[in-house]
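Reader: I would like to learn how to read aromatic pairs, helices and buried residues in a model. Can you take me through them one at a time?

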Amino acid sequence: MLKNRQECIQTLGSDFAIANAVSEKALYKLDRGIYSDRPYVPFVEIAAKRYPNAVVTLDSAFYYQGLTDVVPDVLHLATDRKASRIADRRICQHFVPTTILHVGETRVTFNSSTVLTYDLERLAIEVVRMRTKIPFDYYKEVVNALRGRVHEMYPAKIDDYLVNFPYRESVAEAIRKEIF
């Protein structure tokens, strides 16, 4: 179980007790201010603990949702447009307006890790919105994977989500033509 420094102080009492637990291997320091009772925890879980309001998006979300087998080099996180900049080279931060940040978020279990990411309907919107910014062959791979899982998607959800997005008509038309 992951804990931040504050949670460790509540259970152990002090920084000295935390340091003793780390030296006795009863607790493992994984990252600055992040501790665990396990020696290895995937980075996505550490990032989720450190940035609880962030949502895994784009390349990372495509991977965790099983739409591609390409493992991203960095973890793509969507954060509120007003959030502080994340100074970690392992994370690519995408600033998103508050109105659409949590639209379509869901929890997915991947290799025993629980990841806060977007559902398939929101990822269909994201891939179409970003089609000019990602390589064409990667775009086609994700679109083909979404086509293969169209039976898991609800078109009404896409319509509900698109109300919050700019250029909703062109995005809806592209989704209809390319995915459905």
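Author: What follows goes from ring pairs to one helix and then to two single residues. Keep in mind that this is a predicted model.

Reader: How many aromatic pairs does a search of the whole structure find?

Author: A pair of aromatic rings is described by the distance of the centres and the angle of the planes. The search finds 4 aromatic pairs here. In one of them, Phe 62 and Tyr 138, the ring centres are 6.2 Å apart and the planes meet at 55°, so this pair is tilted.

Reader: Where in the chain do Phe 62 and Tyr 138 sit?

Author: Phe 62 belongs to helix α4, residues 58–64, and Tyr 138 to helix α7, residues 136–148. The two are 76 residues apart, and the pair links distant parts of the chain. Both Phe 62 and Tyr 138 are buried.

Reader: Which residues form an aromatic cluster?

Author: Tyr 63, Tyr 64 and Phe 110 form one. A ring can also have a charged group over its face: Arg 122 lies over Tyr 118, at 4.0 Å from the ring centre.

Reader: What span should α7 have, given its 13 residues?

Author: Counting 1.5 Å a residue, α7 should span 18 Å. Its end C-alpha atoms are 18 Å apart, so the expected and modelled spans agree.

Reader: Which residues of α7 are buried, and which are exposed?

Author: Tyr 138, Tyr 139, Val 142, Val 143, Ala 145 and Leu 146 are the buried ones. They cover an arc of only 160° around the axis, which means that they lie on the same side of α7. Phe 136 and Asp 137, on the other side of α7, are exposed.

Reader: What covers the buried residues of α7?

Author: The cover includes α4, α6 (120–129) and α9 (168–178).

Reader: Is Ala 174 in α9 buried or exposed?

Author: Buried residues have under 20% relative accessible area. Ala 174, found in helix α9, has 8% relative accessibility and therefore counts as buried. Leaving aside neighbours within four places in sequence, Ala 174 is in contact with Val 128, Arg 131 and Ile 179. The C-alpha atoms of Ala 174 and Phe 95 are separated by 24 Å, and these residues are 79 apart along the chain.

Reader: Is Glu 45 buried or exposed, and what does Glu 45 touch?

Author: Glu 45 is in helix α3, residues 43–50. With a relative accessible area of 13%, Glu 45 is buried. Not counting residues up to four places away in sequence, Glu 45 touches Leu 2, Arg 38, Ser 112 and Ser 113.

Definitions and conventions
Residues are numbered from 1 along each chain as its sequence is written. This is a predicted model: local features need pLDDT of at least 70, side-chain atom pairs count only at pLDDT 80 or more; totals for chains, interfaces and linings use all residues. Side-chain values use heavy atoms; hydrogens and water are left out. Rings of Phe, Tyr and Trp (its six-membered ring) pair if their centres lie within 6.5 Å; planes under 30 degrees apart count as stacked, over 60 as edge-to-face and the rest as tilted. Helices (H or I, at least four residues) and strands (E, at least two) are DSSP runs, numbered from the N terminus. Buried means under 20% relative accessible area, exposed over 50%, partly exposed in between (1.4 Å probe, protein chains only). A charge sits over a ring if NZ of Lys or CZ of Arg is within 6 Å of the ring centre and within 35 degrees of the ring normal. The expected span of a helix is 1.5 Å times one less than its number of residues. The arc is that of the directions from the helix axis to the C-beta atoms. Contact means heavy atoms within 4.5 Å.
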